[in-house]
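Student: I have a model open and I keep meeting words such as "buried" and "contact". Could you take me through what lies behind them?

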Amino acid sequence: MSVRPLKIRPAIIGNWKMNGSGKEIKLVSRFADFVNKHKIAADVMICPPATLIDRAGLAVKGSKLRIGAQNCHNEPSGAHTGDISATMLKDAGARAVIVGHSERRTGYDETDKQVRQKAQAVIDQGLQAIICLGETRQQFNKGQTLQVVGRQLRGSLPSSATPQNTLIAYEPVWAIGSGRTPKPDDIIKVHTHLRKTLLKLHPKAGAKFKILYGGSVSAANASTILALENVNGALVGGASLSFKDFTAILRSV
Ligand code: PGA
(Lines give C-alpha, C1' and ligand atoms only; values in the text may rest on other atoms or scores of the structure.)
Protein backbone atom coordinates (compact mmCIF):
# COMPACT_ATOMS: atom_id res chain seq x y z
CA MET A 1 0.00 0.00 0.00
CA SER A 2 1.41 3.38 -0.97
CA VAL A 3 1.95 5.85 1.84
CA ARG A 4 3.64 8.43 -0.35
CA PRO A 5 2.65 11.68 1.38
CA LEU A 6 0.31 14.03 -0.43
CA LYS A 7 0.94 17.74 -0.19
CA ILE A 8 -1.25 18.66 2.76
CA ARG A 9 -1.60 22.17 4.19
CA PRO A 10 -0.26 21.88 7.75
CA ALA A 11 -2.08 22.94 10.90
CA ILE A 12 -0.41 24.49 13.94
CA ILE A 13 -2.65 24.31 16.99
CA GLY A 14 -1.90 25.82 20.38
CA ASN A 15 -3.31 24.01 23.41
CA TRP A 16 -3.31 26.34 26.40
CA LYS A 17 -4.56 23.63 28.80
CA MET A 18 -5.66 25.11 32.18
CA ASN A 19 -3.76 28.36 31.65
CA GLY A 20 -4.79 31.89 30.87
CA SER A 21 -7.20 34.53 32.15
CA GLY A 22 -8.80 37.65 30.70
CA LYS A 23 -5.50 39.43 30.33
CA GLU A 24 -4.26 36.77 27.88
CA ILE A 25 -6.87 37.87 25.33
CA LYS A 26 -4.24 40.43 24.35
CA LEU A 27 -1.93 37.55 23.42
CA VAL A 28 -4.68 36.03 21.25
CA SER A 29 -5.03 39.41 19.46
CA ARG A 30 -1.27 39.58 18.93
CA PHE A 31 -1.29 36.08 17.42
CA ALA A 32 -4.20 37.08 15.15
CA ASP A 33 -2.27 40.16 13.96
CA PHE A 34 0.82 38.04 13.35
CA VAL A 35 -1.08 35.43 11.33
CA ASN A 36 -2.71 38.15 9.23
CA LYS A 37 0.51 40.02 8.59
CA HIS A 38 2.84 37.12 7.75
CA LYS A 39 1.55 34.76 5.13
CA ILE A 40 1.77 31.63 7.28
CA ALA A 41 1.36 28.54 5.10
CA ALA A 42 -0.67 26.70 7.71
CA ASP A 43 -4.07 26.69 9.40
CA VAL A 44 -3.49 28.25 12.81
CA MET A 45 -5.63 27.78 15.89
CA ILE A 46 -5.50 28.52 19.62
CA CYS A 47 -7.44 26.37 22.08
CA PRO A 48 -7.78 28.44 25.28
CA PRO A 49 -9.67 27.24 28.37
CA ALA A 50 -13.46 27.23 27.88
CA THR A 51 -13.83 30.41 29.95
CA LEU A 52 -11.96 32.40 27.30
CA ILE A 53 -13.48 30.98 24.09
CA ASP A 54 -16.14 33.65 23.80
CA ARG A 55 -13.73 36.56 24.30
CA ALA A 56 -11.00 34.92 22.18
CA GLY A 57 -13.54 34.37 19.39
CA LEU A 58 -14.35 38.09 19.40
CA ALA A 59 -10.64 38.98 19.46
CA VAL A 60 -9.92 36.98 16.28
CA LYS A 61 -12.98 38.11 14.35
CA GLY A 62 -12.05 38.85 10.74
CA SER A 63 -8.61 37.23 11.08
CA LYS A 64 -7.33 33.87 9.86
CA LEU A 65 -6.58 32.67 13.40
CA ARG A 66 -9.29 30.32 14.66
CA ILE A 67 -10.30 29.38 18.17
CA GLY A 68 -10.87 25.83 19.43
CA ALA A 69 -11.77 24.05 22.67
CA GLN A 70 -9.97 21.36 24.67
CA ASN A 71 -12.74 18.90 25.56
CA CYS A 72 -16.51 18.42 25.43
CA HIS A 73 -19.32 16.13 26.60
CA ASN A 74 -20.78 13.81 23.99
CA GLU A 75 -24.41 14.84 24.68
CA PRO A 76 -25.74 18.17 23.34
CA SER A 77 -27.35 19.12 26.69
CA GLY A 78 -28.73 17.61 29.88
CA ALA A 79 -28.04 16.79 33.53
CA HIS A 80 -24.22 16.74 33.43
CA THR A 81 -23.12 19.21 36.07
CA GLY A 82 -19.86 20.93 35.20
CA ASP A 83 -19.73 19.63 31.63
CA ILE A 84 -19.85 21.58 28.38
CA SER A 85 -21.27 20.29 25.09
CA ALA A 86 -19.93 20.71 21.56
CA THR A 87 -23.12 22.65 20.82
CA MET A 88 -22.25 25.17 23.55
CA LEU A 89 -18.64 25.44 22.43
CA LYS A 90 -19.78 26.18 18.90
CA ASP A 91 -22.17 28.81 20.23
CA ALA A 92 -19.28 30.39 22.16
CA GLY A 93 -17.16 30.64 18.99
CA ALA A 94 -15.10 27.44 18.89
CA ARG A 95 -14.40 25.96 15.46
CA ALA A 96 -12.78 22.74 16.67
CA VAL A 97 -12.50 20.61 19.80
CA ILE A 98 -9.54 18.56 21.02
CA VAL A 99 -10.76 15.13 22.19
CA GLY A 100 -8.93 12.29 23.89
CA HIS A 101 -5.91 14.29 25.04
CA SER A 102 -3.75 11.99 27.17
CA GLU A 103 -4.31 14.27 30.18
CA ARG A 104 -8.00 13.33 29.87
CA ARG A 105 -7.42 9.69 28.96
CA THR A 106 -5.24 9.22 32.05
CA GLY A 107 -6.73 11.82 34.43
CA TYR A 108 -10.37 10.92 33.75
CA ASP A 109 -10.04 7.34 32.44
CA GLU A 110 -11.51 8.30 29.08
CA THR A 111 -11.80 5.26 26.82
CA ASP A 112 -11.48 5.07 23.03
CA LYS A 113 -15.26 4.63 22.88
CA GLN A 114 -15.87 7.85 24.85
CA VAL A 115 -13.36 9.70 22.71
CA ARG A 116 -15.13 8.42 19.58
CA GLN A 117 -18.51 9.57 20.94
CA LYS A 118 -17.11 13.00 21.74
CA ALA A 119 -15.53 13.26 18.27
CA GLN A 120 -18.88 12.32 16.75
CA ALA A 121 -20.63 15.03 18.79
CA VAL A 122 -18.08 17.56 17.55
CA ILE A 123 -18.53 16.50 13.92
CA ASP A 124 -22.32 16.60 14.30
CA GLN A 125 -21.99 20.30 15.16
CA GLY A 126 -20.04 20.99 12.00
CA LEU A 127 -16.83 21.51 14.00
CA GLN A 128 -13.47 19.79 13.59
CA ALA A 129 -12.47 17.02 15.99
CA ILE A 130 -8.78 16.89 16.91
CA ILE A 131 -8.32 13.31 18.12
CA CYS A 132 -5.23 12.71 20.27
CA LEU A 133 -3.34 9.42 20.54
CA GLY A 134 -0.08 8.37 22.13
CA GLU A 135 1.81 5.74 24.06
CA THR A 136 3.14 5.93 27.61
CA ARG A 137 6.85 5.73 28.43
CA GLN A 138 6.35 2.12 29.57
CA GLN A 139 4.63 1.15 26.32
CA PHE A 140 7.39 2.91 24.36
CA ASN A 141 10.08 1.01 26.25
CA LYS A 142 8.31 -2.28 25.58
CA GLY A 143 8.17 -1.55 21.84
CA GLN A 144 4.36 -1.37 21.84
CA THR A 145 3.99 2.09 20.30
CA LEU A 146 2.60 1.12 16.89
CA GLN A 147 0.21 -1.40 18.38
CA VAL A 148 -1.07 1.11 20.97
CA VAL A 149 -1.59 4.06 18.61
CA GLY A 150 -3.13 1.81 15.93
CA ARG A 151 -5.64 0.50 18.45
CA GLN A 152 -6.40 4.01 19.74
CA LEU A 153 -6.93 5.30 16.20
CA ARG A 154 -9.28 2.48 15.20
CA GLY A 155 -11.21 2.83 18.48
CA SER A 156 -11.41 6.63 18.58
CA LEU A 157 -12.17 7.53 14.96
CA PRO A 158 -15.90 7.85 14.19
CA SER A 159 -17.05 6.24 10.93
CA SER A 160 -18.21 9.67 9.73
CA ALA A 161 -14.68 11.12 10.01
CA THR A 162 -13.34 12.89 6.91
CA PRO A 163 -10.11 14.85 6.35
CA GLN A 164 -12.23 18.02 6.58
CA ASN A 165 -13.91 17.31 9.91
CA THR A 166 -11.18 15.36 11.73
CA LEU A 167 -7.48 15.81 12.52
CA ILE A 168 -5.27 13.25 14.22
CA ALA A 169 -2.61 14.29 16.75
CA TYR A 170 0.10 11.83 17.77
CA GLU A 171 1.39 12.85 21.20
CA PRO A 172 3.69 10.43 23.03
CA VAL A 173 2.62 10.80 26.70
CA TRP A 174 6.27 10.83 27.81
CA ALA A 175 7.10 13.71 25.46
CA ILE A 176 4.34 16.04 26.70
CA GLY A 177 5.71 18.86 28.82
CA SER A 178 8.99 16.99 29.35
CA GLY A 179 11.25 18.79 26.90
CA ARG A 180 11.95 15.39 25.30
CA THR A 181 10.83 14.31 21.85
CA PRO A 182 11.16 11.00 19.99
CA LYS A 183 13.94 10.65 17.42
CA PRO A 184 12.85 11.89 13.95
CA ASP A 185 12.91 8.29 12.64
CA ASP A 186 10.57 7.19 15.42
CA ILE A 187 8.12 10.02 14.63
CA ILE A 188 8.19 9.01 10.94
CA LYS A 189 7.53 5.35 11.85
CA VAL A 190 4.47 6.24 13.94
CA HIS A 191 3.03 8.75 11.45
CA THR A 192 3.52 6.29 8.58
CA HIS A 193 1.76 3.60 10.60
CA LEU A 194 -1.13 5.99 11.32
CA ARG A 195 -1.30 6.91 7.62
CA LYS A 196 -1.45 3.20 6.66
CA THR A 197 -4.19 2.61 9.24
CA LEU A 198 -6.17 5.59 7.92
CA LEU A 199 -5.81 4.24 4.36
CA LYS A 200 -7.15 0.87 5.50
CA LEU A 201 -10.13 2.51 7.22
CA HIS A 202 -10.74 5.07 4.45
CA PRO A 203 -9.10 3.84 1.22
CA LYS A 204 -9.92 7.05 -0.67
CA ALA A 205 -9.67 9.81 1.94
CA GLY A 206 -7.02 8.22 4.19
CA ALA A 207 -4.20 9.97 2.33
CA LYS A 208 -5.65 13.41 3.07
CA PHE A 209 -6.12 13.42 6.86
CA LYS A 210 -3.78 15.78 8.71
CA ILE A 211 -1.62 13.89 11.22
CA LEU A 212 -0.08 16.35 13.70
CA TYR A 213 2.79 15.69 16.07
CA GLY A 214 2.56 16.97 19.66
CA GLY A 215 4.82 16.75 22.72
CA SER A 216 7.49 19.36 23.56
CA VAL A 217 7.34 21.07 20.16
CA SER A 218 9.48 24.20 20.51
CA ALA A 219 10.99 27.01 18.49
CA ALA A 220 14.20 24.94 18.44
CA ASN A 221 12.81 21.65 17.08
CA ALA A 222 9.75 22.74 15.06
CA SER A 223 11.40 23.04 11.65
CA THR A 224 12.93 19.54 11.93
CA ILE A 225 9.69 17.94 13.11
CA LEU A 226 7.43 19.76 10.63
CA ALA A 227 9.61 18.64 7.70
CA LEU A 228 9.23 14.92 8.51
CA GLU A 229 7.31 12.62 6.20
CA ASN A 230 3.61 12.35 7.06
CA VAL A 231 3.85 15.09 9.72
CA ASN A 232 1.16 17.60 8.76
CA GLY A 233 1.52 20.09 11.58
CA ALA A 234 1.89 20.34 15.34
CA LEU A 235 -0.14 20.45 18.51
CA VAL A 236 1.76 22.82 20.78
CA GLY A 237 1.27 23.10 24.54
CA GLY A 238 3.69 25.18 26.62
CA ALA A 239 5.23 27.07 23.69
CA SER A 240 1.80 28.35 22.60
CA LEU A 241 1.64 30.52 25.74
CA SER A 242 4.61 32.60 24.57
CA PHE A 243 4.38 35.09 21.70
CA LYS A 244 8.06 34.64 20.88
CA ASP A 245 8.00 30.83 20.88
CA PHE A 246 4.67 30.26 19.12
CA THR A 247 5.39 32.76 16.35
CA ALA A 248 8.84 31.19 15.86
CA ILE A 249 7.07 27.85 15.39
CA LEU A 250 4.68 29.45 12.88
CA ARG A 251 7.63 30.93 10.97
CA SER A 252 9.24 27.50 10.69
CA VAL A 253 6.34 25.95 8.73
P1 PGA B 1 3.66 20.41 25.29
O2 PGA B 1 2.13 19.88 25.28
O3 PGA B 1 3.91 21.07 23.95
O4 PGA B 1 3.73 21.38 26.45
O5 PGA B 1 4.53 19.22 25.48
C6 PGA B 1 1.54 19.36 24.13
C7 PGA B 1 0.15 18.88 24.43
O8 PGA B 1 -0.07 18.29 25.50
O9 PGA B 1 -0.77 19.07 23.60
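Student: Which residues is isoleucine 188 in contact with, leaving aside its neighbours within four places in sequence?

Tutor: This is a predicted model, and in it isoleucine 188 is in contact with Leu228 and Glu229. Contact here means heavy atoms within 4.5 Å. Isoleucine 188 itself sits in helix H8, residues 184-201.

Student: Why is isoleucine 188 called partly exposed?

Tutor: Buried means under 20% relative accessible area and exposed means over 50%. Isoleucine 188 has 24% relative accessibility, so it falls in between and counts as partly exposed.

Student: How far apart are isoleucine 188 and glycine 214 in space?

Tutor: Their C-alpha atoms are 13 Å apart, and 26 residues separate the two in sequence.

Student: What makes serine 85 buried?

Tutor: Its relative accessible area is 4%. The limit for buried is under 20%, so serine 85 qualifies. Serine 85 belongs to the loop between strand S3 (66-67) and helix H3 (86-92). Beyond residues up to four places away in sequence, serine 85 touches Cys72, His73, Glu75 and Pro76.

Student: How do you know that serine 85 makes a polar contact with proline 76?

Tutor: The side chain of serine 85 reaches the backbone oxygen of proline 76 at 2.8 Å. A polar contact needs N or O atoms within 3.5 Å, so this pair passes.

Student: Now the ligand, please. Which residues are closest to the ligand?

Tutor: The ligand is surrounded by 13 residues, and the closest are Lys17, His101, Glu171, Gly177 and Ser216. By class, the shell has four nonpolar, seven polar and two charged residues.

Student: What makes the approach of lysine 17 to the ligand a polar contact?

Tutor: An N or O atom in the side chain of lysine 17 is 2.7 Å from an oxygen atom of the ligand. The cut-off is 3.5 Å, so the pair counts. For histidine 101, a polar side-chain atom lies 2.7 Å from a ligand oxygen. Serine 216 uses a backbone N or O atom, again 2.7 Å from an oxygen atom of the ligand. As for cover, the ligand on its own has 280 Å² of accessible area, and the protein covers 95% of it.

Student: How many aromatic pairs are there?

Tutor: The count is five. One of them joins phenylalanine 34 and phenylalanine 243.

Student: Why is the pair of phenylalanine 34 and phenylalanine 243 called edge-to-face?

Tutor: The ring centres are 6.1 Å apart, and rings pair when their centres lie within 6.5 Å. The planes stand at 90°, and over 60 degrees counts as edge-to-face, so the name fits. Phenylalanine 34 is in helix H1 (residues 25-37) and phenylalanine 243 is in helix H10, so the pair ties together parts that are 209 residues apart in sequence.

Student: Are phenylalanine 34 and phenylalanine 243 buried or partly exposed?

Tutor: Phenylalanine 34, at 5% relative accessibility, counts as buried. Phenylalanine 243 has a relative accessible area of 24% and is partly exposed.

Student: What makes tyrosine 170 and tyrosine 213 an edge-to-face pair?

Tutor: Their planes are at 65°, over the 60 degrees that edge-to-face needs, and the centres are 6.1 Å apart. Tyrosine 170 lies in strand S6 (residues 166-170) and tyrosine 213 in strand S7 (residues 211-214), 43 residues apart. Tyrosine 170 is buried at 2%, and tyrosine 213 is buried at 0%.

Student: Which residues do ring pairs link into a cluster?

Tutor: The cluster holds Phe31, Phe34, Phe243 and Phe246. Threonine 247, in helix H10, touches Phe31 and Phe34, not counting residues up to four places away in sequence.

Student: Why is methionine 18 called exposed?

Tutor: Exposed means over 50%, and methionine 18 has a relative accessible area of 82%, so the word applies. Methionine 18 is found in the loop between strand S1 (11-15) and H1.

Student: And what makes leucine 241 partly exposed?

Tutor: Its relative accessible area is 33%, which lies between 20% and 50%, so leucine 241 is partly exposed. Leaving aside neighbours within four places in sequence, leucine 241 is in contact with Trp16, Asn19 and Leu27.

Terms used
Residues are numbered from 1 along each chain as its sequence is written. This is a predicted model: local features need pLDDT of at least 70, side-chain atom pairs count only at pLDDT 80 or more; totals for chains, interfaces and linings use all residues. Side-chain values use heavy atoms; hydrogens and water are left out. A residue is near a molecule or strand if one of its heavy atoms lies within 4 Å of it. A polar contact is a pair of N or O atoms within 3.5 Å; within protein, one must be able to donate a hydrogen and the other to accept it, and residues adjacent in sequence count only if both atoms are side-chain atoms. Accessible areas come from the Shrake-Rupley method with a 1.4 Å probe; for residues, only the protein chains shown count as cover. Ala, Val, Leu, Ile, Met, Phe, Trp, Tyr, Cys and Pro count as nonpolar, Asp, Glu, Lys and Arg as charged, and the others, Gly among them, as polar. Helices (H or I, at least four residues) and strands (E, at least two) are DSSP runs, numbered from the N terminus. Buried means under 20% relative accessible area, exposed over 50%, partly exposed in between (1.4 Å probe, protein chains only). Rings of Phe, Tyr and Trp (its six-membered ring) pair if their centres lie within 6.5 Å; planes under 30 degrees apart count as stacked, over 60 as edge-to-face and the rest as tilted.
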